[in-house]
Amino acid sequence: MLRQFRPQRSLAKQPISRLLAAWQEPSRSYSIHANAASTAKIQDIDPSKLTITKTKAPKELIPASELVFGRSFTDHMLSIEWTASEGWLAPRITPYQNLSLDPASCVFHYAFECFEGMKAYKDSNGKVRLFRPTKNMERMNKSSARIALPTFDQAAMIKLISQFSQMEERFIPSTKGYSLYLRPTMIGTQKTLGVGPPGSALLYVIASPVGPYYPTGFKAISLEATNYAVRAWPGGVGDKKLGANYAPCIVPQLEAAKRGFHQNLWLFGEEEFVTEVGTMNMFAAIKNKETGQKELITAPLDGTILEGVTRDCVLSLAREKLVPEGWKVLERKYTMKELSEAAQEGRLLEAFGAGTAAIVSPIRNICWKGDMVDCGLRPEEEAGELASKMKNWIEARQYGDEEHEWSYTVPE
Ligand SMILES: Cc1ncc(COP(=O)(O)O)c(C=O)c1O
């Protein structure tokens, strides 16, 4: 049943002409800005109210070589409850445990859920570092606001995540390539089948020790371009990290896997614009047909593309290090036809996906309408020059080998 919303009384009483005058043309046609949907906050997250209950049964560490992404978790979890009347309640770190939720909780029925994916690293001095946590917190606030969940003070949340990561420090292997994957999650917990804004929510963070995505070095992937389903669309929510965006992507991925491909490539529209690869942003390095200039291209943030933190790193590093070498860096729409033509003419230098899990994932080829588009790697090569450089540049900042503002050292 649809819950009814009463218009704000102050608005309802106003003459139509005043209401129309107050209505403003949205500045961007196909996106809802975070603050447009955000809930009024009564009390924000207060890290000074944190209570800690330590586990009495510390887990045995799994040998680093046996770690599987997202399968094992640390000893504790961080949780903060929110109610519409009180705001954010006192944060708690407790032993990792099951949640107890009413079967009518709105998360189960209407997908009030958003999440983040970020990592804590251990540097050569044994210090714990978060990588660009502000970016993840900003994105989480945009996601939560879009589905009428509460927003929060980003600095307060980073402080709590830092404390939590420091507490779980023994789970972060010191070896390069290993890290602690952090999963901040927010769910609507109100017990109601009425469709409306949740009156209560839970924000929690769990952590999973993870190994390198490519333990034996890069492995280039083969993609199938999906042209019978789309991941995101203008005016939709593909630029938000909502759980509801992910479940519908699994079947096309299974279909691609059935035909022997590692991942699927998401296209959009009759023009077959290239958007994202699986759960990564997509980059293509192409030699311009007219000028011969080398260009690094990725799709623009038009509301259908997730604002990847790694995407932002790749773009910043490319502008910093490749532009002086004569490269052009472009955020623009490009089509599968353009990639295919560039490949046929020997102008497609390389292509790769970019995301927190793998950092960069080199692409060998893309199956498109029965043809195989070769992405420029030699048969004996598993990664192009650019993908390898990007991975090294980003890792140097993640592990603090290169001191940089992107890396946030957690206070002990
Ligand atoms: C759809 C999608 N695109 C891109 C990314 C990459 O984002 P990030 O670099 O922040 O991990 C993700 C990350 O999980 C994703 O789910």
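Begin with the shell of residues around the ligand in this predicted model, which divides into three nonpolar, seven polar and two charged residues. To see the shell itself, select G117, E276, T279, M280, N281, L306, G308, V309, T310, R311, G355 and T356, which together surround the ligand. Two elements, β13 and α8 (309-322), give two or more residues each to this shell, and α8 gives the most, with three residues.

Next, select K241, which you will find in the loop between β10 (221-226) and α7 (250-258). An unreviewed UniProt entry lists K241 under "modified residue: N6-(pyridoxal phosphate)lysine". Is K241 buried or exposed? K241 counts as buried because it has 25 C-beta neighbours inside 10 Å, and the cut-off for a buried residue is 20 or more. If you leave aside the neighbours within four places in sequence, K241 is in contact with C114, F115, E116, R139, S143 and L306; the last of these, L306, is also one of the residues that surround the ligand.

Now follow β13 (280-287) to the loop that lies between this strand and β14 (294-298), and select N288 there. With 14 C-beta neighbours inside 10 Å, N288 counts as partly exposed, since a residue in this class falls between the limits of 12 or fewer for exposed and 20 or more for buried. Apart from its neighbours within four places in sequence, N288 is in contact with Q293 and E295.

As a last stop, select A354 together with N288: these residues are 66 residues apart along the chain, and their C-alpha atoms are separated by 22 Å.

Methods: Residues are numbered from 1 along each chain as its sequence is written. This is a predicted model: local features need pLDDT of at least 70, side-chain atom pairs count only at pLDDT 80 or more; totals for chains, interfaces and linings use all residues. Helices (H or I, at least four residues) and strands (E, at least two) are DSSP runs, numbered from the N terminus. Two residues are in contact if their C-beta atoms, placed from the backbone, lie within 7 Å. A residue is near a molecule or strand if its C-beta atom, placed from the backbone, lies within 6 Å of it. Ala, Val, Leu, Ile, Met, Phe, Trp, Tyr, Cys and Pro count as nonpolar, Asp, Glu, Lys and Arg as charged, and the others, Gly among them, as polar. UniProt positions are given in the numbering used here, feature names are shortened, and annotations may be inferred rather than shown by experiment.
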